[in-house]
Amino acid sequence: MVFVQVVAIVLALGLLMFFAYRGYPVIVFAPIFTLLAVVISGLALMPSYTETYMTNAANYIKTYFPIFLLGAIFGKVMELSGAASSIAQSIVKALGSRRAMLSVVLACAVLTYGGVSLFVVAFAVYPFAVAVFREANIPKRLIPGTIALGAFTFTMDALPGTPQVQNIIPTAYFGTDAYAAPVVGTIGGLIVFAAGMVWLERRRRQAEALGEGYGTGHKNEPETAENQGYPNLWISIVPLVLVLLFNFLLSRGFISVADWYSADVLKQYNIANVKTVASSWALIIALTLGIVAAVCINLRQVQTKLATGLTAAAMGALLAIFNTASEVGFGNVVKTLPGFKAIQDWILNLSSHPLVSEAISVNILAGVTGSASGGLSIALEVMGKQYMAAGQAAGISVEWLHRIASMASGGMDTLPHNGAVITLLAITGLTHRQSYKDIFAITVVKTLTVLLLAAVLSFF
């Protein structure tokens, strides 16, 4: 009987991964496969859907929708104002074709760490990446891996304070903030950056030795990467600086939002621990200030496209959060199924140390769902309390739990069915066959780094 119950969960996960890989919407198929697992496990169908699946999906949307929406709007107005392109162009031009790959990685890193969404970063940097790769005669097929290193790895979830949602999700479970474990995150980020650059430069030298240049007949080639009336670099970085500065001040500074309201006021809103919401509050305010600044630096240009831009940003945010919320609902139903106890025991027993076990479980679920935020949310919804209890028993800092979980989410999430990977390849006009090898190598670098960090920390 236990075998059948475990198979029900594994089958549901496998089908969700397969259909996501084939491009089918997670919003539609996550509840279908959830209920399939419920039926096979012999539980009540409709209560599982309305009271467990939908309730937990709705709670996730309530908690994180402002961050998804404001993050999408911030990225869009940075794009519309020309600020994102100005920053990318300036970095690429400053380093030149001699350091083509480094310039693209740094351009992506600056934008991502400043709060611009990953998709906007790819659109903004791509034209300049093409120009500098063509000038340096580096194969175009290496551009996706280069962008992935700068946008999908160390600035997404490793460096302390990054405003990307993968760094915010753990705060609700561990009562931490976006700057959790700054030393661990910085060391991990530097390792990923250095190892990724070694891989990319090795691939460039291999291509050069074989006489392979940029290539011809490519799709989606931008016409030009020349300045199109972009604002000055120093003005362009103001919104990014404001987001980072106020996110820090509101999280750990003298104007921390955790001190804004008395315990009596918080009690009226059923907030037992302000730390579980303070990071979200801080980022919401910081992103709002960044949006206002991004609009103001090129108001005339933004005004003409603001309506359509806001609509596109809102639609993108809705799709992203409903996809993730669907996976969270899936995870919460799965943890109620009889077979989950056996799977949970297996995952927890993969390592006797909470950090290593956490890194493995988050990585696995991020890979299965093809989503860093989705896999992270499922893992922490299902096993977050166990990891926190085990960590406290072993004397492990909750900040370490936060950082390892966050970094692990950005490991195996970039398997071929990942939405960001598919979008990146579509933007560049390349295929999985041409460019996925390098994206996967960066994924492996990230995964090995977080497992190494977890193993090293287990000795302290």
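Which helix gives the most to the lining of the second largest pocket? Keep that in mind as we walk through this model, which is a predicted one.

The answer is H18, with eight residues in the lining. Let's stay with that pocket for a moment. It holds about 850 Å³ of space. Helix H18 (372–393) has company here, since helix H3 (45–80), helix H9 (165–174) and helix H14 (275–296) also give two or more residues each to the lining. In total, 29 residues line the pocket. If you want to find its centre on your screen, look for Lys62, Thr63, Ala172, Thr276 and Glu381, the lining residues that lie nearest to that point. What sort of residues make up the lining? It's a mix: 16 are nonpolar, nine are polar and four are charged.

Now let's move to the largest nonpolar core. It has 130 residues, and H3, a helix we already met at the pocket, supplies the largest share of this core with 14 of them. In soluble globular proteins, nonpolar side chains tend to be buried together. Two residues stand out for having the most contacts inside the core: Met78 and Phe133. Try clicking on methionine 78. Setting aside its neighbours within four places in sequence, methionine 78 is in contact with Ala83, Ala84, Ile87, Val116, Ser236, Pro239, Leu240 and Ala294.

Next, here are two threonines to look at side by side. Threonine 34 sits in helix H2, which runs over residues 26–41. Is threonine 34 buried or exposed? Its relative accessible area is 2%, and buried means under 20%, so threonine 34 counts as buried. Not counting residues up to four places away in sequence, threonine 34 touches Tyr53, Phe330 and Val333.

Threonine 186 belongs to helix H10 (residues 182–209). Its relative accessible area is 31%, which lies between the 20% limit for buried and the 50% limit for exposed, so threonine 186 is called partly exposed. Leaving out residues up to four places away in sequence, threonine 186 touches Ala158, Leu159 and Pro160. What does the side chain of threonine 186 reach at 2.7 Å? That would be the backbone oxygen of proline 182, the residue where H10 begins. Another proline makes a handy ruler: proline 338 is 152 residues from threonine 186 in sequence, and in space the two are 40 Å apart, C-alpha to C-alpha.

Definitions and conventions: Residues numbered from 1 in each chain as written. Predicted model: local features only at pLDDT ≥ 70, side-chain atom pairs only at ≥ 80, totals over all residues. Heavy atoms only, no water. Helix = DSSP H or I, 4+ residues; strand = E, 2+ residues; numbered from the N terminus. Buried < 20%, exposed > 50% of the residue type's maximum accessible area, 1.4 Å probe, protein only. Contact = heavy atoms within 4.5 Å. Polar contact = N/O pair within 3.5 Å; in protein donor to acceptor, adjacent residues only side chain to side chain. 1 Å grid on protein atoms, 1.4 Å probe; cavity = no way out; pocket = protein on both sides within 12 Å on 5 of 7 lines; lining within 4 Å. Points joined across faces, edges and corners; volume = space filled by probe spheres on them. Nonpolar A, V, L, I, M, F, W, Y, C, P; charged D, E, K, R; others polar. Core = buried A, V, L, I, M, F, W, Y, C linked by side-chain atoms within 4.5 Å.
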